[in-house]
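Subject: Structure to look through, with notes

Dear colleague,

Please find the structure below, followed by my notes on it. I have tried to explain each term where it comes up, so that you can follow the notes with the model open beside you.

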Amino acid sequence: PDTLPPAEPRPAASLPSGLLDALLALLGPRGVLTDPADIAPHLSDWRNLYRGSSPCVLRPANTGELAAAVKLCAAAGVPMVPQGGNTSMVGGATPDESGRQVVVALTRMNRIRDIDPVDLTMTAEAGVVLKTAQEAAAGAGCLFPLSLGAEGTATIGGVLSTNAGGNTTVRYGNARELMLGIEAVLPDGQVLHGLRRLRKDNTGYALRHLFVGGEGTLGFVTAATLKLFPAPRETEVAFCAVRDEDAALALFRRFRDRDDSAVRAFEYMSGTGIDLALRHIEGATLPLAERADHYVLVDLATPRPDGGLRALMEAVLEEALEAGEVLDAAIGESEAQRGAIWRLREEHPEAQKREGASVKNDVSVPVSRVPEMIRRCSAALVELIPGSRPVPFGHMGDGNIHMNLEQPEGADPAAFLARSHDIMDTVNAVVRDLDGSFSAEHGVGRLKTDMVADWRGGAEIDLMRRIKAAVDPQGLMNPGKVLD
Ligand code: 2HG
Ligand code: ZN
């Protein structure tokens, strides 16, 4: 039960007179769900942190239909909640309990409009599943590098709206850095046509960036032109036991110093996290002879035909073994072994969920401070709740660690979750002291709105509020998210 007790939603309010008929005439029966059984999956997030209600779910088939539907809703003053794969970690895509907010699911808008291997671009609609986009790029001999645990469900619209990061940020940046152009439907139903595929375009404010990380509060992302890269020809993956957090960072620096462009992912995992994965994930085995307290996963990739990655991997690991930083290491010898190593990392959230209640802290600090952050947070959390189990893991190479806390063994999950805010405050105090962020890649959603004013106060929050008021004067787009 990876949950807080959800609030009890009120029954959905009825839509203003005539609106449902107008939406049905516009979108047809496939485009408007009204049966409670059809609506239900759209009302809660996958962690079951939130459960809301909605009079209906709109499913437009294309940008024109969405724009017309938004015009109707805006004229009637009806608030809208954009939803893609519904994999938010912070309740960003679910309606509230008021019963007034209408969910707008973009999953039917799932065409890949264009792939160009010369321009190295792909134009994909919001509802394209991330994995489908990756496969389409691979089919054209290219790479779309954004990669994250939920990639089989998360959509292009969602990963852009939340500026998702994931495993390859160290090499390719976040979703924002992978976006060249955007098409969006504004809160009044106007379409912003910005699907340019230019690498240079300094022609005024870069409006497209408002929608990336805007979490649907400024409008709907309906399509995007994305950057592709040459497909890798060689990859190597290693799983290493390391002496401690500092040794993990030292190993990262060794790889980066040798060949910065080859490091596609550098992930940290704790002994506790791996123990949980081995306990709960079917078929998971430790690829090393002995258990350790700290591990890293190194993923190298290069488009060079004679990339020499195996030699690089072996040379760096050997140096680090001699220096006492690496205690033991296994290099994946086949696609299956590389996949099994990645699975140990990717199944961390699932293993934590199966173990009991846990509280997530998606934080970042400057890379140099990751070891100190992990140590100080872990100590502070165990002092706060004796017996609780810190499970730090994640994207060490970009400074983003999931500083999660698992309940004490055998404790009451509800009593543990009642301390969620104390737990988040404890982590955030350390992170703040280290010049970090309270939300590195999962966004603000509903969960963290109260932190925005605190962490990004003064002129920053003032400007955010003025932008919101200018773009969405009626406050109809994803109300209650990001800014409260
Ligand atoms: C990951 O890196 C995701 O696997 C989820 O961002 C992190 O469950 C989490 O805390
Ligand atoms: Zn992550």
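In strand β10, the residue that forms a bridge with Gly181 is Thr225, and this belongs to the antiparallel pairing of β8 with β10, which extends over six bridges. Two strands are said to pair if DSSP finds at least two bridges between them, while the strands themselves (E, at least two residues) and the helices (H or I, at least four residues) are DSSP runs, numbered from the N terminus. Before going further, please keep in mind that this is a predicted model, in which local features need pLDDT of at least 70 and side-chain atom pairs count only at pLDDT 80 or more, whereas totals for chains, interfaces and linings use all residues. Residues are numbered from 1 along each chain as its sequence is written, and chains are lettered from A and ligands numbered from 1 in the order in which they are written.

On its other pairing, β8 meets β9 in the antiparallel sense over four bridges, with His193 of β9 as the bridge partner of Glu183. These two strands make a hairpin with five residues between them, and Gly189, in the turn, has a positive phi of about 95°. Is β8 mostly covered or mostly open? Six of its seven residues are buried, so to speak of it as mostly covered is fair; here a residue is buried if 20 or more other C-beta atoms lie within 10 Å of its own, exposed if 12 or fewer, and partly exposed in between, with C-beta atoms placed from the backbone.

Both pairings belong to an open sheet of five strands, in the order β5-β6-β10-β8-β9, in which the pairing is antiparallel. Because β5 (112–116) and β9 (191–194) stand at the edges and have a single partner strand each, one side of each is left without a neighbour in the sheet. Neighbouring strands are turned by 15° against each other on average, direction ignored. At the β5 end, β5 pairs with β6 (residues 121–125) in the antiparallel sense over four bridges, and Ile112 stands opposite Ala124 in β6.

Helix α3 (residues 63–76) packs on this sheet, where it touches β8 (179–185), β9 and β10 (220–227), and its direction makes about 45° with that of β8. Such angles run from 0 to 180 degrees between N-to-C directions, along lines fitted to C-alpha atoms, for helices over the stretch in contact. Helix α4 (residues 130–139) lies across β5 and β6 and runs at about 145° to β6.

Ala67 has its place in helix α3. Leaving aside neighbours within four places in sequence, Ala67 is in contact with Val185, Gly189 and Val191, where contact requires that the C-beta atoms of two residues, placed from the backbone, lie within 7 Å. Ala67 and Gln190 are 123 residues apart in sequence, yet 6.5 Å apart in space, C-alpha to C-alpha. With 19 other C-beta atoms within 10 Å, Ala67 is partly exposed.

There is also an open sheet of four strands, in the order β1-β2-β4-β3, with mixed pairing. Its edge strands, β1 (32–33) and β3 (80–83), each pair on one side only. In β2, Val57 is the bridge partner of Leu33.

Best wishes
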